[in-house]
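Open the model in your viewer and keep the selection panel at hand. The stops below go from charged pairs to a helix and its surroundings.

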Amino acid sequence: MNKKESFLTTPYLQFDREHWATLRDSVPLTLTAEEVAALKGINEEISIDEVIEIYLPLSRLLNFYISSNLRRQAVLEQFLGTGGQKIPYIIGIAGSVAVGKSTTARLLQALLSRWPEHRRVKLVTTDGFLHSNNVLNERGLMKKKGFPESYDMRGLVKFVSDIKSGVEKVTAPVYSHLSYDIVPDEQLVIERPDILILEGLNVLQSGMDYPHEPHHVFVSDFVDFSIYVDASEQLLEQWYVSRFLKFRQGAFADPDSYFHGYSKLTTEEAIKVASGIWQEINGLNLQQNILPTRERASLIMTKGANHAIESVRLRK
C-alpha cells in the first residue's frame with residue numbers, strides 16, 4: 001500500500017469477515033434459503049451464511065442510522081414548530097458491472113422491510129435514467145452506455161431531489177435489459193417510501209465526473225448512506241464473461257433480445273466477444289469513472305472468489 005492509498009483509507013474502520021459477523025448481535029434471520037436463492041443474480045452464489053455474517057450486521061447498522069435520522073427530523077420539526085413530513089432515507093449502492101450490486105440491493109430491501117418497524121422500502125436502479133438508444137446513437141454513445149455522458153443526469157437528480165423533498169408521488173423511467181433500452185410510455189411510480197435504495201454505476205459520482213454537463217448538485221448529495229461493492233478487476237472480468245455465457249444460453253436466446261445474435265456464437269467466440277466488451281467498455285468505465293468514486297462511500301464491501309465478502313470498511 002502506497003502513502004496515497006494509506007491516506008485515503010484512514011477515514012475507515014477495517015473489519016475482516018469474522019469480526020464483522022459478530023456485529024449481527026441478536027438480529028434474527030427473516031429470509032429462508034429459498035427466498036435468498038430467488039434474490040441472487042444469475043452468476044452469483046449467495047448462501048444463508050453470507051446473509052447471516054454480512055447482511056444481517058449491515059441491516060442492523062442501517063436500522064440504527066435510519067432511526068437516528070428520524071430523531072434528527074423530529075428535532076428539526078420541534079425547532080420549526082411544523083408537522084411531521086416524512087422524508088425518505090436514501091441508500092446508494094455503487095460498484096462495477098458484474099460485481100453484484102443488484103443482489104446486494106435486493107437483499108437489503110428484503111431485510112430492511114422485515115424489521116419490526118415495517119418500513120416501506122423501494123428499490124430503483126439508475127439504468128432507467130440512461131438516455132434512450134435513439135439519443136445514444138445520435139450522439140455516438142452506444143459504446144459508452146454506462147459512462148457519465150450516457151445518463152440523463154438532470155432527470156436523475158430531479159428524481160432523487162423530489163424523493164428527498166418528500167414529494168408524494170415521483171416517477172422514474174423503466175429500463176428493459178431484454179430490449180437494452182428505455183421502455184416507451186412506461187413509468188415506475190414511487191409513493192413516499194420510508195427507505196429508497198438507489199442502485200447504479202453512478203450514484204457516487206460528482207461534479208468532476210460530469211465536466212460535459214455542469215450541475216450544482218448530484219445524486220451523491222442526496223444519499224444518506226452509500227455502499228460500494230468492490231472486487232479485483234481480474235475477478236470482475238471473470239464474472240462478466242461467465243455471466244455473458246449464461247445469458248447466451250438464456251436471455252439472449254429470446255428472439256426479442258437486443259443481443260439475440262450472440263446466442264448463435266460458439267463458446268470460444270462468446271468468450272472472445274465478452275472479453276472484448278469488458279476491455280473496451282466496462283473495464284474502461286470502471287477505471288475512469290467508477291473505481292475513483294469508491295472512497296466516497298460510507299461502507300466498502302470487498303468480495304473474493306465466489307462473490308463472498310472478505311472484508312468491510314466502514315467510514316468513521
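A salt bridge here is a side-chain nitrogen of Lys or Arg within 4 Å of a carboxyl oxygen of Asp or Glu. By that criterion the structure, which is a predicted model, holds 10 salt bridges.

**Stop 1: Asp-224 and Lys-164**

Select Asp-224 and Lys-164 and show their side chains, which meet in a salt bridge with an N to O distance of 2.3 Å. The pair links distant parts of the chain, 60 residues apart. Asp-224 sits in the loop between strand 6 (195-199) and strand 7 (225-230), while Lys-164 belongs to helix 7 (residues 153-164). Is each partner buried or partly exposed? Asp-224 has 28% relative accessibility and therefore counts as partly exposed. Lys-164, at 19%, counts as buried, because the cut-off for buried is under 20%.

**Stop 2: the network around Glu-295**

Next, select Glu-295. Its side chain meets that of Arg-294 in a salt bridge at 3.0 Å, N to O. Glu-295 counts as buried, with 18% relative accessibility. Now add Arg-313 to the selection: the side chains of Glu-295 and Arg-313 form a salt bridge at 3.6 Å, N to O. This pair also connects distant parts of the chain, 18 residues apart. Glu-295 lies in the loop between helix 9 (267-290) and strand 8 (299-303), and Arg-313 lies in strand 9 (residues 309-315). Arg-313 is buried as well, at 10% relative accessibility. Add Asp-230 to complete the view: salt bridges with shared partners join Asp-230, Arg-294, Glu-295 and Arg-313 into one network.

**Stop 3: along helix 4**

Select residues 48-80, which make up helix 4. How far apart are the end C-alpha atoms of helix 4? They are 46 Å apart, which agrees with the 48 Å that its 33 residues should span at 1.5 Å a residue. Center on Tyr-55, where helix 4 has a kink of about 35 degrees. The proline Pro-57 follows shortly after the kink. Then move to Gly-81, just after helix 4, which takes a positive phi of about 70 degrees.

**Stop 4: a nonpolar patch**

Finally, select Leu-76, Phe-79 and Leu-80 and switch on the surface. These residues make a nonpolar surface patch of about 360 Å². Phe-79 is part of helix 4. Its relative accessible area is 68%, so Phe-79 counts as exposed, the cut-off being over 50%. As background, an α-helix has 3.6 residues a turn, so residues three or four places apart point the same way.

Technical notes. Residues are numbered from 1 along each chain as its sequence is written. This is a predicted model: local features need pLDDT of at least 70, side-chain atom pairs count only at pLDDT 80 or more; totals for chains, interfaces and linings use all residues. Side-chain values use heavy atoms; hydrogens and water are left out. Helices (H or I, at least four residues) and strands (E, at least two) are DSSP runs, numbered from the N terminus. The expected span of a helix is 1.5 Å times one less than its number of residues. The bend at a residue is the angle between axes fitted to the seven residues ending there and the seven starting there. Buried means under 20% relative accessible area, exposed over 50%, partly exposed in between (1.4 Å probe, protein chains only). Patches are made of residues with over 30% relative accessible area and no salt bridge: like charges are joined within 9 Å, nonpolar side chains (Val, Leu, Ile, Met, Phe, Trp, Tyr) within 5 Å. Accessible areas come from the Shrake-Rupley method with a 1.4 Å probe; for residues, only the protein chains shown count as cover.
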